[in-house]
Amino acid sequence: MKDEVSQAVRSNHYQHIILAIETSCDETAVAVIADGKHILSNVVSSQIDVHAQYGGVVPEIASRKHVETMTIIIEEAVAKSGYQLSDMTAIAVTQGPGLVGALLVGIIAAKSLALALQIPLIGTHHIAGHIYANELVSTIVYPSMALVVSGGHTELVYMRERGSFEIIGKTRDDAVGEAYDKVARALKLPYPGGPHIDKLAQEASLAITLPRAWLEEGSYDFSFSGLKSAVLSAINIANMKQQPLDTSAIARGFQESVIEVLTTKAARAVQQYGVKQLLLSGGVAANQGLRQQLAISCAQIGVELLVPPLSLCTDNAAMIGAAAQLKLERKQFSSLEIQAEAGFSLEEW
Ligand code: KG4
Ligand code: ZN
């Protein structure tokens, strides 16, 4: 580390300052994180408005938008942090999973910075980031269990100790956020549909009855495609009969099914594995209904529930900085040859 770096870092009692970059999907995000816990800046530039016109993320447009915004967002995040690029200890970047073209933009920016500043590069797993977003607001106690619910993932992850991930259950088809977005699209709600369905479900006085996919006894896996098909069929039947569509009742029925399955399986996993905490993470962790029901279940079984604030639930780079801190402490640095890993494994991250 250079002399002036040590000087600046020491004056604030911080040991490490990481500049983190996240471009796995439709958010260009850069954050500056001190010691894996303190957010010095967290800038997120969302492309949602652009993709909303197409009803979903268009990968080619996502990559192009990342290229256009990357440098500006890096400059903004550094300026807001009160530090300078020369103060950084390491550069962290989401290596995967995600859209390859989108990931590449962040990875190239991160490699360039690491090379120019002569500091380590840390390739980071996107889901490890979602999980460690909790570390920015609370202290994770091990063993712990994470329920990861995002647009691309639905997983129950057992964490025996800091930085160890064992996936004990995952979706066999659609991710929960994906199911939300597809159902919302069928209901002609804007993209991304999760928040719209959540709001409608909260306000609805009635709910249609929809199936719950429990799968085999004891399984921690999930399946949401049957539920999605049941919603689509309810919409088709109403259309065929020329009946008015009760969008709120469908939203509430869908949300009740999702929440019951997620909450029941998470509570069972928490008890079977004897963990002290349940960590909720990923974009769908913003869901009010899910947060409320998990809070009730966790209180009943006497387990602490950690949920990040909304801004740290959806994609951001602060969470990547928090996860990268683990690798920094272990000196697990990446080579400048790393590639984008669309299917990056969490267990071997
Ligand atoms: O984690 P995230 O920002 O991106 C991925 O890594 O996928 O998650 C985005 C997903 C979208 O599917 C969006 O509809 C969903 O999170 N989402 C919600 C809510 N807010 C965002 N789903 C349900 N209820 C919400 N309030
Ligand atoms: Zn995500």
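Trainee: A backbone N or O atom of Asp315 lies 3.1 Å from an oxygen atom of ligand 1. What makes this a polar contact?

Mentor: In this predicted model, the gap between those atoms of Asp315 and ligand 1 is 3.1 Å. The cut-off for a pair of N or O atoms is 3.5 Å, so the pair counts as a polar contact.

Trainee: Which other residues can I test against that cut-off?

Mentor: Try Gly283, where a polar backbone atom is 2.9 Å from an oxygen atom of ligand 1. Then take His126, with a side-chain N or O atom 3.1 Å from a ligand 1 oxygen. Both values are within 3.5 Å, so both pairs qualify. As for cover, the protein hides 89% of the 560 Å² of accessible area that ligand 1 has on its own.

Trainee: Where does ligand 1 sit, and which elements give two or more residues to its shell?

Mentor: Ligand 1 is in the largest pocket. The elements giving two or more residues to its shell are helix H5 (126-132), helix H6 (176-186) and helix H7 (194-203).

Trainee: Which of the residues around ligand 1 come nearest?

Mentor: There are 19 residues around it, and Gly151, Asp181, Gly283, Asn287 and Asp315 come nearest. Sorted by class, the shell has 11 polar, five nonpolar and three charged residues. Gly151 and Gly283 are among the nearest, and glycine counts as polar here, so those two belong to the polar class.

Trainee: Now the zinc ion (ligand 2): why are the residues that coordinate it called donors?

Mentor: His126 and His130 each offer NE2, and Asp315 offers OD, at 2.0 to 2.1 Å. A donor is an N, O or S atom within 2.8 Å of the metal, so these atoms fit. Water is not among the atoms, so the site may look incomplete.

Trainee: How are the donor residues of the zinc ion spaced in sequence?

Mentor: The pattern is H-x3-H-x184-D. His126 and His130 both belong to helix H5 and are four residues apart, about one turn of the helix.

Trainee: Lastly, which peptide bond to Pro143 is cis, and what joins Tyr191 and Pro192?

Mentor: The bond from Tyr142 to Pro143 is cis, with omega near -5°, and Pro143 is in the loop between H5 and strand S6 (144-149). Tyr191 and Pro192 are joined by a cis peptide bond, with omega about -10°; Pro192 is in the loop between H6 and H7.

Definitions and conventions: Residues are numbered from 1 along each chain as its sequence is written. Chains are lettered from A and ligands numbered from 1 in the order in which they are written. This is a predicted model: local features need pLDDT of at least 70, side-chain atom pairs count only at pLDDT 80 or more; totals for chains, interfaces and linings use all residues. Side-chain values use heavy atoms; hydrogens and water are left out. A residue is near a molecule or strand if one of its heavy atoms lies within 4 Å of it. A polar contact is a pair of N or O atoms within 3.5 Å; within protein, one must be able to donate a hydrogen and the other to accept it, and residues adjacent in sequence count only if both atoms are side-chain atoms. Accessible areas come from the Shrake-Rupley method with a 1.4 Å probe; for residues, only the protein chains shown count as cover. On a 1 Å grid over the protein atoms alone, a cavity is a set of points where a 1.4 Å probe fits but cannot get out, and a pocket is an open set with protein on both sides within 12 Å along at least five of seven lines; lining residues have an atom within 4 Å of a point. A molecule sits in a cavity or pocket if more than half of its atoms lie within 2 Å of its grid points. Donors are N, O and S atoms within 2.8 Å of the metal (3.2 Å for Na, K and Ca); water is not among the atoms, so sites may look incomplete.
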